Amino acid sequence: MTGLRSLPAYAATAFHWVTQAMWLPGIPILTYHSIDDEGGPESIRMDCFSAQMEYLKENGFRSIPLSELRNLTTEDRSSDRLFCVTFDDGYQNLLASGVPLLWEHGFQATVFAVSNGWGELAGWERQRSSAGHRLMTEQELCEVSQAGIEIGAHTCSHPFLTRIHLESVRREIRASKDKLEQILGKRVHHFAYPYGAWDQRIRDLCAEAGFEMAFTTEQRKARGNEDPWVVPRVGVNRMPVGNRRLALNSLRACLSGTVGYYVTLRRLVRLNCTKR
Ligand SMILES: [Zn+2]
């Protein structure tokens, strides 16, 4: 039994060395959602998030704003140790500790905010689980923006854009941009597809709406030749991240560009981090 119980630990250690050996080119655009103790697939505990930020700082990684991605054309940028941080949906729990921690480490970030239901529980989350996280209020979003965090759009009501009528897609994309620009008093340049769901027509609507870039959840690093409206990101807590060791393994997999393998491995060995 001892041997079986230690299998996940051995696998994690082995994977750490594999990620270091297989460092792929490109810039990892890290995707987070909520910082809380619930342990769900879109939650990360504060101590785990803090451990990841410390790791990035201590290992000489430097965050850049999303707008800088378009200026970087070199195909292999792995030695630059650059990364981006994004938070989807715009949850209120970022304010208490996540945003201050980013500032403390000097890291830049983008919040992709849904533009309906500010200050309310996220309705699309309640459909999937018993609880929902509360979104920032309009005023909180403005404060975050004024403090230097970029705000991007993430539709009005967080639908699967590939499952609704194209005219509704157009409205969701355009209205979310207009609404955010109205309350923030500045241009909104970037968009993230809810659930990472997009197709060519949706991508074209993002470009027509005036977004400079749009982001998916394709689980790979962004390289120099990306279509600006289909830029991949990596989900740091795509698998549950329940302790610091797993948090760092997951982060290293994202930084190296091997997160797809990591998720597969985690599923194979059934690493149940929430019980460890
Ligand atoms: Zn979302």
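Visitor: When are two residues in contact?

Guide: Two residues are in contact if their C-beta atoms, placed from the backbone, lie within 7 Å. Now the case here, which is a predicted model. Take the contacts in the protein with a separation of 6 or more: residues 24 or more positions apart account for 67% of them.

Visitor: How many helices and strands are there in the protein?

Guide: The protein has 9 helices and 10 strands.

Visitor: What share of the residues count as buried?

Guide: The cut-off comes first. A residue is buried if 20 or more other C-beta atoms lie within 10 Å of its own, and exposed if 12 or fewer do. Of the 276 residues, 42% count as buried.

Visitor: Let us take a helix. How do I read the length of α6?

Guide: Allow 1.5 Å a residue. The 19 residues of α6 should then span 27 Å. The end C-alpha atoms of α6 are 27 Å apart, which agrees.

Visitor: Which residues of α6 are buried?

Guide: The general idea first. An α-helix has 3.6 residues a turn, so residues three or four places apart point the same way. In α6, the buried residues are Val-169, Glu-172, Ile-173, Ser-176, Lys-177 and Leu-180. Seen down the axis of α6, these buried residues fall within an arc of 110°, so they line one face of the helix.

Visitor: Which residues are exposed on the other side of α6?

Guide: Glu-167 and Gln-182 are exposed there.

Visitor: What do the buried residues of α6 pack against?

Guide: They pack against three strands and a helix: β6 (110-113), β7 (150-153), β8 (190-192) and α7.

Visitor: At what angle do α6 and α7 pack?

Guide: Helix α6 covers residues 166-184, and helix α7 covers residues 200-208. Their packing angle is about 35°, and their axes are 10 Å apart. The crossing is right-handed.

Visitor: Which residues of α6 and α7 meet?

Guide: From α6 come Leu-166, Val-169, Arg-170 and Ile-173. From α7 come Arg-201, Ile-202, Leu-205 and Cys-206. By class, this contact of α6 with α7 holds 6 nonpolar and 2 charged residues, and no polar ones.

Visitor: What comes just after α6?

Guide: Gly-185 does, with a positive phi of about 70°. Helix α8 is followed by a glycine too: Gly-257 has a positive phi, near 90°.

Visitor: Which residues have a positive phi although they are not glycines?

Guide: Two to look at are Thr-155, with a phi of about 75°, and His-158, with a phi of about 60°. Thr-155 is in the loop between β7 and α6. His-158 is also placed in the loop between β7 and α6.

Visitor: Are Thr-155 and His-158 buried or exposed?

Guide: Count the C-beta neighbours inside 10 Å. Thr-155 has 26, so it counts as buried. His-158 has 22, so it counts as buried.

Visitor: Show me another loop residue. Where does Ile-149 lie?

Guide: Ile-149 is in the loop between α5 (138-146) and β7. Ile-149 is buried, because 21 other C-beta atoms lie within 10 Å. Leave aside its neighbours within four places in sequence, and Ile-149 is in contact with Val-99, Ala-109, Val-111 and Val-144. Compare sequence with space: Ile-149 and Phe-107 are 42 residues apart in sequence and 9.5 Å apart, C-alpha to C-alpha.

Visitor: What does Met-53 touch?

Guide: Met-53 belongs to helix α2 (residues 46-58). Not counting residues up to four places away in sequence, Met-53 touches Leu-101, His-105 and Phe-107. Met-53 and Leu-101 are 48 residues apart in sequence, yet 8.0 Å apart in space, C-alpha to C-alpha. Met-53 has 20 C-beta neighbours inside 10 Å, so it counts as buried.

Visitor: How many other C-beta atoms lie within 10 Å of Ala-197?

Guide: There are 14, so Ala-197 is partly exposed. Ala-197 sits in the loop between β8 and α7. Not counting residues up to four places away in sequence, Ala-197 touches Phe-160, Leu-161 and Thr-162.

Visitor: Last, α8. How many of its residues are buried?

Guide: Of its 13 residues, 10 are buried, so α8 is largely enclosed by the rest of the structure. Among them are Leu-246, Asn-249, Arg-252 and Ser-256. Helix α8 (residues 244-256) reaches 18 Å from its first C-alpha to its last, close to the 18 Å expected at 1.5 Å a residue.

Notes:
Residues are numbered from 1 along each chain as its sequence is written. This is a predicted model: local features need pLDDT of at least 70, side-chain atom pairs count only at pLDDT 80 or more; totals for chains, interfaces and linings use all residues. Axes are lines fitted to C-alpha atoms, for helices over the stretch in contact, and angles run from 0 to 180 degrees between N-to-C directions. Helices (H or I, at least four residues) and strands (E, at least two) are DSSP runs, numbered from the N terminus. A crossing is left-handed if the near helix is turned anticlockwise from the far one by less than a right angle, and right-handed if clockwise. Ala, Val, Leu, Ile, Met, Phe, Trp, Tyr, Cys and Pro count as nonpolar, Asp, Glu, Lys and Arg as charged, and the others, Gly among them, as polar. The expected span of a helix is 1.5 Å times one less than its number of residues. The arc is that of the directions from the helix axis to the C-beta atoms.
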